2 protein chains.
Amino acid sequence: MRVSLRDVAAHAGVSVKTVSNVVNDYQHVTPAMRARVQRSIDALGYRPNLAARHLRKGRTGIIALALPELGNPYFAELAAAVIDSAAAHDYTVLLDHTGGRREQELLVCRGFRARVIDGLILSPIELEAEDLGDRAENVPLVLLGEREYDLPYDHIAIDNVAAARAAVRHLIGLGRREVAFIGARRGRSEPAQLRVRGWREELTAAGLPSDAGLVAATDGWGHADGEAAMIRLLDSGRRPDAVFAYNDPMAIGAMRALHARGVRVPEDIAVAGFDDVVEGRFAAVSLTSVSPDKEAIGRLAVESVLARLGGGTPAPRRVRAGHRLAERESTLGRAGAFGAPGRDT
Amino acid sequence: MRVSLRDVAAHAGVSVKTVSNVVNDYQHVTPAMRARVQRSIDALGYRPNLAARHLRKGRTGIIALALPELGNPYFAELAAAVIDSAAAHDYTVLLDHTGGRREQELLVCRGFRARVIDGLILSPIELEAEDLGDRAENVPLVLLGEREYDLPYDHIAIDNVAAARAAVRHLIGLGRREVAFIGARRGRSEPAQLRVRGWREELTAAGLPSDAGLVAATDGWGHADGEAAMIRLLDSGRRPDAVFAYNDPMAIGAMRALHARGVRVPEDIAVAGFDDVVEGRFAAVSLTSVSPDKEAIGRLAVESVLARLGGGTPAPRRVRAGHRLAERESTLGRAGAFGAPGRDT
């Protein structure tokens, strides 16, 4: 039989109203009373009717999350983080798949589903600042990702320039002198621009080349794009001794191309990626990668949406989530990955 | 300025009512008239107000998709297929993350969000038949995946037994005689049971062993589970010359373990997986895998939900989506993957 508010109240020896206040997270409950009611909720396995609870507050209990590609494990892992964080606040997540296309991103931003969602988290690829300028302020919008906009919306991102610099510094520290970049994008939009900038700044600071011959542009960001770009680089006559890829799938595609050509990783060419997806940790040669704090990004995005639902209009914030460099065999070599640093040059 | 129904009608030289009939997909419009209006819609870039359109029909325009884990690329690719297919019908997808936990799956099935969704597509892991027996018939439910239930719901799946048999037959055809299975699950629920059955049937038919010593049970289905299971098998004293894994992440984890131990794939141990995720195609040794027709699964699932919204109560259907075996280097060897078959034994 379904446990009711009344059952919880009887178990805790308090009024139904008090239980209701705890369940609905009202402020006028002492911590001691909250704990007492929570113990009864846990003991009885009471499950509040979430939909009704949200409706009482004039909300739907749904946050939309619009991502460019679910097939990319970074976005799948990020989605899982957002979904888990939303669930902790009794919110569920409606997923939109924009394909990274401007038209689709526009549709999402302009609130074509405003009636069913309380807030929107968007990771844009092609969207331009002017696309957001005339947005009707119906539901809170929080932006994710590398694109930077001078617009009054919360934006959650890691410091992409610093993260890229850290990866390139690591490669230089291992003695590499020709560090290529794979994954600058062709066309008007340039989501990779901060990572390219970090790559260039670090090389310039070290007095190393960062000319156009070391940059392989691609149309997409999948494994096959990385593989094709690596083959083009190898055939170009340049002899890079390291590669920094825009993301892990591209780095893994590049490693596949190197493997097929008999080029050793990291002895001949060290490879570093970006995103730290699970797949990289289980590659035959495990992948060194910039590891963004995905859990924090998901949590901060959900909290930003909820803060704007809480009433008041806080000033737009640019929030930095953390990152670290996960150093593995693709730069350190096999020995290095298990402890001793594996200098190869 | 926003293009209206009126603008389309003027452009096409027809009444607003006719345009409305076309946009709302009513039957009483001739194909010629439909084409004429569609040309004006395309020329003007008219975008119907989808939310309003669904609401007029008493619907929300949202299908919920409940998956056990987004981090597994199979489910991410499947979600993308469902989202794309739903979009083609002007539906959007609300994503639920059950974690494969029975409690979460129950919550989803019992329609805790019935008011916001028109239908539910669920890929269950732990759910038992009796959990669904008392389900209130508020929204159509379509099941996906390997679990089989004798229940009156549409179920879309590939033939898991036949698919597993095909993979094992391939390994036997290459001369392998000790074929291990990685990924049978510990505990009450057994999502892998059909794949284990197919593995066992094919080995038995060939007069080869399929005893418990060749089966590595795991608690989960990730890369790390496959890696750990492979290590246990190697340390068990058995000397399999082939491994069939429950899914690709486990197969890739197993290949990582083999690589670390200096065991050659496929020369010493051939490896085949299940799901044909992109990652396997770009492994250093590309992965042979059962390739379910994910696009068809996503499309059939969406169509099944919509068929039940169309009125009438069609009999529950068990729909088979197709599958094939993608043969690659992890069983054929490097030469084999590019044409010539690479027998290794």
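**Helix α3(A), the α1(B)–α2(B) pair and the shared sheet**

In helix α3 of chain A, V37(A), S40(A) and I41(A) are buried. These residues share one side of α3(A), because they cover an arc of only 105 degrees around the axis. An α-helix has 3.6 residues a turn, so residues three or four places apart point the same way. The structure described here is a predicted model.

Helix α3(A) spans residues 31-44, 14 residues in total. From its first C-alpha to its last it reaches 20 Å. That is close to the 20 Å expected at 1.5 Å a residue. The buried residues of α3(A) pack against two helices of chain A, α1 (5-12) and α2 (16-23). Facing away from the buried side are the exposed residues P31(A), A32(A), R39(A), D42(A) and A43(A). Just after the helix, G45(A) adopts a positive phi of about 70 degrees.

In chain B, helix α1 (residues 5-12) packs with helix α2 (residues 16-23). Their axes lie 8 Å apart and meet at an angle of about 110 degrees. Helix α1(B) is therefore roughly perpendicular to α2(B). On the α1(B) side, the contact is made by L5(B), R6(B), V8(B) and A9(B). Helix α2(B) contributes V16(B), V19(B), S20(B) and V23(B).

Both chains also contribute to a sheet. Twelve strands form this open sheet, and their pairing is mixed. The strand order is β11(A)-β5(A)-β4(A)-β3(A)-β1(A)-β2(A)-β2(B)-β1(B)-β3(B)-β4(B)-β5(B)-β11(B). Strand β2(A) thus stands beside β2(B) in that order, by the definition of strand pairing. The edge strands are β11 (318-320) of chain A and β11 (318-320) of chain B, each of which pairs on one side only. From one strand to the next, the twist averages 25 degrees.

Within chain B, strand β4 (residues 141-144) pairs with strand β5 (residues 154-157) in the parallel sense. Three bridges join these two strands. Here V142(B) of β4(B) stands opposite D154(B) in β5(B).

A helix from each chain packs on the sheet. In chain A, helix α13 (residues 294-309) touches β1 (62-67), β3 (119-122), β4 (141-144), β5 (154-157) and β11. The direction of α13(A) makes about 170 degrees with that of β5(A). In chain B, helix α13 (residues 294-309) lies across β1 (62-67), β3 (119-122), β4, β5 and β11. Helix α13(B) runs at about 170 degrees to β5(B).

Note on methods: Residues are numbered from 1 along each chain as its sequence is written. Chains are lettered from A and ligands numbered from 1 in the order in which they are written. This is a predicted model: local features need pLDDT of at least 70, side-chain atom pairs count only at pLDDT 80 or more; totals for chains, interfaces and linings use all residues. Side-chain values use heavy atoms; hydrogens and water are left out. Helices (H or I, at least four residues) and strands (E, at least two) are DSSP runs, numbered from the N terminus. Axes are lines fitted to C-alpha atoms, for helices over the stretch in contact, and angles run from 0 to 180 degrees between N-to-C directions. Contact means heavy atoms within 4.5 Å. The expected span of a helix is 1.5 Å times one less than its number of residues. Buried means under 20% relative accessible area, exposed over 50%, partly exposed in between (1.4 Å probe, protein chains only). The arc is that of the directions from the helix axis to the C-beta atoms. Angles under 35 degrees count as roughly parallel, over 145 as roughly antiparallel, 65 to 115 as roughly perpendicular and the rest as oblique.
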